[in-house]
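Please take a moment to look at the sequence and the structure below, and keep both in view while you read.

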Amino acid sequence: MSQSSKKMKANERREYILALLKQKGAPVTGSSLAEEMNVTRQVIVGDVSLLKAKNEPIVATSQGYMYMMDGKEELPYQRTIVCQHQGDDTEQELNILVDHGVHVQDVVVEHPIYGDLTARLRISNRRDVKKFIEKVNSTKASYLLELTDGIHTHTIAADSQEALDEAQMALEEVGILMTK
């Protein structure tokens, strides 16, 4: 249902975005929404911000916007881990985690001015890792860990405590996991 043939009114466009995100159940990029609706990506960013202000559970992930259904993506076991490494080691870190069946929910750094800065990642497999790394490289974006000498936390989740334990041990073996 391409909307590119006609301009939509702002309210219609936001309703369409909301319906599309609910229907997809997967991330949708702001660029693809903008192209489909014949508006700029910045217009989509504004539309999504207004939807969030109306308490719509939309999150921006590294793969695009997602509508968060109640508990849909919740895994039974979660924990926060502290890591330290350089940007070049990010792909290795993420691959270790997903190879152990772990989902990487977010990354958090503690900024001296702004406090905790959190980015939702929602990375659960090697394809997600590859897309994330490609997007960082193609946009020449900086990793958040560059603000904190490589120190950052991740919320990780899995179907079992064993998967979380094994992933942590693997990160420790390569010197990425910070320990006491």
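Which residue follows H6, and what is the sign of its phi? The residue after H6 is Gly175, and its phi is positive, near 80°. Before going further, note that this is a predicted model, in which local features need pLDDT of at least 70 and side-chain atom pairs count only at pLDDT 80 or more, while totals for chains, interfaces and linings use all residues. Residues are numbered from 1 along each chain as its sequence is written, and side-chain values use heavy atoms, with hydrogens and water left out.

How confident is the predictor, if pLDDT is its confidence in each residue, from 0 to 100? The chain has a mean pLDDT of 90, with 94% of its residues reaching 70 or more. Among the elements (helices are DSSP runs of H or I with at least four residues, strands runs of E with at least two, numbered from the N terminus), helix H4, residues 90-99, has the highest mean pLDDT, 98, and strand S1, residues 58-61, the lowest, 85. Over residues 1-5 pLDDT stays under 50, and for these residues the model has ten contacts beyond four places in sequence, a contact being heavy atoms within 4.5 Å.

Return now to helix H6, residues 161-173. The expected span of a helix is 1.5 Å times one less than its number of residues, so the 13 residues of H6 should span 18 Å, and its end C-alpha atoms are indeed 18 Å apart. Ala163, Leu164, Ala167, Ala170 and Leu171 of H6 are buried, where buried means under 20% relative accessible area, exposed over 50%, and partly exposed in between, with a 1.4 Å probe and protein chains only. Because these buried residues cover an arc of only 125° around the axis, they lie on the same side of H6, the arc being that of the directions from the helix axis to the C-beta atoms. They pack against strand S3 (77-84), H4 and strand S6 (151-158), whereas Glu162 and Glu173 are exposed on the other side of H6.

Elsewhere, strand S4 runs antiparallel to strand S5 (residues 115-123), and seven bridges join them; two strands pair if DSSP finds at least two bridges between them. S4 and S5 form a hairpin with three residues between them, and Glu110 stands opposite Asp116 in S5. Val109 belongs to S4, residues 103-111, and counts as buried because its relative accessibility is 1%. Among the residues that Val109 touches are Asp116, Leu144 and Ile151. Val109 and Ile151 are 42 residues apart in sequence, yet 7.0 Å apart in space, C-alpha to C-alpha.
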